Amino acid sequence: MFLLALINVVLSMITMSSVLMLLFFIIFLASMGKSIGVRRKYVELLVRIFEYGRQNIESIRKQQYDYLDTSADDSGLATNVDSNVTDEAKPKTDIKQNGITSNGKIANGGNSVINRVESLKLLPDVEGARSKSRELENEKENVSLEFNLSNCLDYVKSGMEAIIEDEVTSRFEAEELKNWNLLTRTNRHYEFISWRLTVIWVIGFFIRYVILMPSRVFICFVGVLWLTLCTAAVGCLPEGLTKRWMVKIVLIQCFGVLSSALSSVVNYHNIENRPLNGICVANHTSPIDVLMLMCDNCYSLIGQRHGGFLGVLQRALARASPHIWFERAEAKDRMAVAKRLKEHVSDPNNPPILIFPEGTCINNTSVMQFKKGSFEVGGMIYPVAIKYDARFGDAFWNSSRYSMMQYLYMMMTSWAIVCDVWYLPPMVRGEGESAIDFANRVKSVIAKQGGLVDLVWDGQLKRMKPKKEWREKQQEEFTKRLKGE
């Protein structure tokens with residue numbers, strides 16, 4: 001018995017040492033910016049498994065549909081069977097017909113349950129665009145614009161549409177997938193739809209929670225510790241070219257280690273447009289946007305001071321390179337923010353400053369209103385579009401629902417983080433162009449490149465009520481419409 005116990009202890013020690021050696025090997029490769037392609041092969045395998053699951057689910061659905069169709073024939077109700085079969089029971093194979101993109105995501109960011117009034121859209125700013133589609137329609141029909149109670153119906157319908165499904169709050173919910181990705185957080189119905197999928201789901205659950213999650217937590221701990229030590233060491237160097245060169249090398253290396261803690265696979269496009277200085281603006285989905293970008297380039301950051309885990313990272317970064325952190329009360333002082341931003345951009349030796357003009361996280365389907373502050377500073381603007389593949393893990397952080405630790409837990413128990421980053425050509429504010437128009441032009445370019453919906457709404461509607469000016473403009477517009485102006 002003693003001999004068996006000794007053998008078990010030795011085997012466990014050998015196994016533990018092998019695991020630790022493997023983890024340190026992964027960390028070493030990540031710190032060197034090297035990869036042997038395991039993560040990409042892993043992602044390709046997941047795609048095949050997801051496709052098998054899709055085919056299995058559609059096969060079960062088809063069997064259910066055929067069964068209901070046969071039952072309807074037997075009862076003489078074959079002509080009405082389509083109206084009685086629920087959408088869940090019908091097979092969905094026509095991707096283009098259902099508006100689904102090739103990677104399985106809903107093209108418009110979610111299923112629409114209503115048909116909207118295209119001739120009347122209630123927007124936050126209607127200045128210079130007063131429901132012209134409606135007026136042109138009336139001119140074509142030679143109908144005089146006189147007071148009629150029916151004029152209110154379009155507004156009533158638009159209001160009901162907004163209550164049922166508006167364009168704002170739907171952008172702060174997790175992106176909906178057409179195909180199941182074997183995560184119960186995205187669907188709690190398919191794991192027991194067939195014994196094959198049940199077996200795959202159980203194996204996947206074991207891999208994610210027993211193998212991947214402990215490994216990722218260990219790598220993340222080592223990465224944060226390494227970042228803290230390296231930035232403290234580099235921060236002791238005197239200012240100059242050597243320090244700036246060391247900061248860039250150290251930060252890219254440390255963030256490469258942290259990215260491996262999420263099994264991230266990032267595809268960088270058009271690297272010739274990578275920003276060297278000035279202001280870099282990007283759409284915002286998650287705090288890990290910074291991680292995805294810092295793995296390829298060195299940036300200065302601007303943002304509100306945080307406590308907890310984010311606070312540790314902020315203090316570590318501030319030791320080595322110039323960043324702009326604001327207290328909550330100070331961040332509301334736009335003049336102070338603009339002043340510090342201009343001071344940073346005016347120094348050509350400073351790295352490009354990374355800004356997320358939306359000011360809040362959007363769910364990877366849309367780009368919402370850009371704040372004009374960063375576009376008033378002047379100089380070159382470098383747009384960057386970031387798009388995550390939600391099949392492998394939903395990168396969106398719903399800060400109103402989840403804390404940072406809960407969010408990290410979800411990321412580390414996902415399959416992987418896969419995203420594309422596009423560096424777009426630099427843009428300059430045109431002569432006579434307002435900061436708002438310039439911000440909208442940059443936003444439009446980012447949305448087009450990332451395949452995102454370009455919205456005019458302010459993302460802060462996630463936490464606050466619409467501005468009084470918006471309501472007044474809509475009231476004024478409705479009054480003019482009733483008067484026939």
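Which side chain meets Lys 443 in a salt bridge? The partner is Asp 454, with N and O 2.3 Å apart. Keep in mind that this is a predicted model, and everything below is computed from it.

## The Asp 454 and Lys 443 bridge

This pair links distant parts of the chain: Asp 454 sits in strand 9 (residues 453-454) and Lys 443 in helix 13, 11 residues apart. The two ends of the bridge have quite separate surroundings. Lys 443 counts as buried, because its relative accessibility is 3% and the limit for buried is under 20%. Asp 454, at 37% relative accessibility, counts as partly exposed.

## A salt-bridge network in helix 2

Side chains of opposite charge can pair when their charged atoms come close. A search of the whole structure turns up nine salt bridges, and a couple of them run along helix 2. Glu 51 bridges to Arg 54, with the closest N and O atoms 2.3 Å apart. Arg 54 also bridges to Glu 58, and there the closest N and O atoms are 3.0 Å apart. Through shared partners, Glu 51, Arg 54 and Glu 58 are joined into one network.

The spacing along the helix fits neatly into this picture. Glu 51 and Arg 54 are three residues apart in helix 2 (residues 38-74), so about one helical turn separates them. Arg 54 and Glu 58 are four residues apart in helix 2, and that again puts about one helical turn between them. As for cover, Arg 54 and Glu 58 are both buried, while Glu 51 counts as partly exposed at 31% relative accessibility.

## Aromatic pairs

If you like ring geometry, there is plenty to look at: the structure holds 11 aromatic pairs. One of them is Trp 180 with Tyr 190, whose ring centres are 5.9 Å apart and whose planes meet at 55°, so the pair is tilted. Trp 180 and Tyr 190 both lie in the loop between helix 5 and helix 6 (195-235), so the pair ties together parts that are 10 residues apart in sequence. Trp 180 is buried, with a relative accessible area of 6%, and Tyr 190 is buried as well, also with a relative accessible area of 6%.

Now for Phe 375 and Phe 438: the ring centres are 5.5 Å apart and the planes stand at 85°, so this pair is edge-to-face. Phe 375 belongs to the loop between strand 6 (366-367) and strand 7 (381-388), while Phe 438 is in helix 13 (residues 435-450), so the pair ties together parts 63 residues apart in sequence. Both Phe 375 and Phe 438 are buried. There is also one aromatic cluster formed by Phe 192, Trp 201, Phe 205, Tyr 209 and Tyr 409.

## Helix 6 and helix 7

Is Leu 212 buried or exposed? This residue, found in helix 6, counts as buried at 17% relative accessibility. Its C-alpha atom is separated by 9.2 Å from that of Leu 262, even though Leu 212 and Leu 262 are 50 residues apart along the chain.

Helix 7 (residues 241-260) makes a handy geometry check. At 1.5 Å a residue, its 20 residues should span 28 Å, and the end C-alpha atoms are 29 Å apart, which agrees. The span comes from 1.5 Å times one less than the number of residues, so the multiplier isn't the full residue count. A good many side chains in helix 7 are buried, including Lys 243, Val 247, Val 250, Leu 251, Gln 253, Cys 254 and Phe 255. The buried residues of helix 7 also include Gly 256, Val 257, Leu 258, Ser 259 and Ser 260.

## Cysteines

How many disulfides does a search of the whole structure find? The search finds zero. A disulfide is a covalent bond between the sulfur atoms of two cysteines. The cysteines here include an exposed one, Cys 236, with a relative accessible area of 65%. Cys 298, on the other hand, counts as buried at 8% relative accessibility.

## A nonpolar surface patch

On the surface, Val 156, Met 160, Ile 163 and Ile 164 form a nonpolar patch, with about 420 Å² of accessible area together. Ile 164 lies in helix 5 (residues 153-164). Ile 164 is exposed because its relative accessible area is 54% and the exposed class starts over 50%.

Key:
Residues numbered from 1 in each chain as written. Predicted model: local features only at pLDDT ≥ 70, side-chain atom pairs only at ≥ 80, totals over all residues. Heavy atoms only, no water. Patch = residues over 30% accessible without salt bridge, like charges linked within 9 Å, V, L, I, M, F, W, Y side chains within 5 Å. Areas by Shrake-Rupley, 256 points an atom, 1.4 Å probe, with all protein chains shown as cover. Salt bridge = Lys/Arg side-chain N within 4 Å of Asp/Glu carboxyl O. Helix = DSSP H or I, 4+ residues; strand = E, 2+ residues; numbered from the N terminus. Buried < 20%, exposed > 50% of the residue type's maximum accessible area, 1.4 Å probe, protein only. Disulfide = S-S within 2.5 Å. Phe/Tyr/Trp six-rings, centres within 6.5 Å; stacked < 30°, edge-to-face > 60°.
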